[in-house]
Amino acid sequence: MDEDMWISKDEEPPVKNFSSRLWKWLFCLFLIGFFVWSMFFLFRPDQVTVTGCHYYSDQDIERKMFTSKTDQNTLVFFIKYKFFKEVSIPFVDTIDVELLSYNHVKIRVYEKKMIACVQYMNEYLYFDKDGTIIESSPKRLEDIPLVSGIKFQKMTLYEKLAVKEDGIFDQILNVSQLIEQNELEIDKVVFDVNRNVTLYSGKIAVELGNRENYDDQMAQLPEILKKAKKNKLEGTLDMKDYVAGQKRIIFHQKKTK
């Protein structure tokens with residue numbers, strides 16, 4: 001007996017079922033294509049804002065951070081530096097990256113707090129307010145005072161400066177911190193064999209002598225150096241015996257030929 005052939009009313013014809021699946025696949029491909037397009041063409045770093053820089057220009061920071069083709073995607077760039085990659089740039093402590101929009105990235109730079117440096121062979125070792133060496137570089141930063149005339153037992157990165165003479169370490173820190181606090185433009189700090197301190201600011205030398213602290217002398221220097229440079233003076237300012245409240249300070253003007 002022949003079996004009857006029939007189609008249930010609940011079943012879709014093969015052609016209609018295939019057409020429905022095709023449209024679903026096309027829609028998925030469209031979404032994938034749109035995602036790829038947005039990733040490569042929409043999320044572009046057209047605007048980069050850099051803040052907190054002092055030792056580097058904004059362009060320097062951009063060149064040091066945008067180093068690969070994938071960095072040209074703002075979303076990938078943000079995820080990379082936010083969660084995976086640590087920034088290693090001389091004189092920079094940390095960097096915070098913020099995604100402001102699909103094409104706008106903000107880079108906030110937090111630089112290392114350095115108060116002075118010492119030279120060892122061809123390297124400059126920069127130290128913080130505690131005397132810890134926090135950076136080593138062949139680059140000499142002009143606005144960081146150079147300390148010279150002292151001998152060290154050892155100089156190791158991320159460790160405190162080890163000096164041979166007792167007490168001179170406190171002198172170094174006291175002078176360096178006061179330079180920073182009073183916002184003085186000091187090029188060099190020199191210690192002689194008797195631990196007398198002389199500061200050099202442009203063409204002006206300031207003799208401070210040997211003391212436990214230099215607070216009173218350094219507090220007067222911003223105004224004095226400002227006037228001296230305004231009048232284009234060259235010479236030596238003698239403040240070895242200066243006491244608080246003293247109105248007259250000896251200045252030995254450099255003789256001109």
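User: Among contacts between residues at least 6 apart in sequence, what share joins residues at least 24 apart?

Analyst: This is a predicted model, where local features need pLDDT of at least 70 and side-chain atom pairs 80 or more, while totals for chains, interfaces and linings use all residues. Residues are numbered from 1 along each chain, and side-chain values use heavy atoms, without hydrogens or water. With contact meaning heavy atoms within 4.5 Å, the share is 49%.

User: How many helices and strands does the chain have?

Analyst: Both are DSSP runs numbered from the N terminus: helices are H or I, at least four residues, and strands are E, at least two. The chain has five helices and 14 strands.

User: Which strands stand at the edges of the nine-stranded open sheet?

Analyst: Happily, the order can be read off: β6-β5-β4-β7-β10-β11-β12-β13-β14, with mixed pairing (at least two DSSP bridges between two strands). Each edge strand has a single partner, so one side of each is left without a neighbour in the sheet. Those strands are β6 (133-137) and β14 (250-253).

User: In β10, which residue is the bridge partner of serine 148?

Analyst: Let's look inside the sheet. Strand β7 (residues 146-148) pairs with β10 (residues 188-191) in the parallel sense, over three bridges. The bridge partner of serine 148 in β10 is valine 190.

User: At about what angle does helix α4 run to β10?

Analyst: Helix α4 (residues 168-181) lies across β4 (116-120), β5 (123-127), β7, β10 and β11 (197-201). Angles run from 0 to 180 degrees between N-to-C directions, using axes fitted to C-alpha atoms, for helices over the stretch in contact. For α4 and β10 the angle is about 155 degrees.
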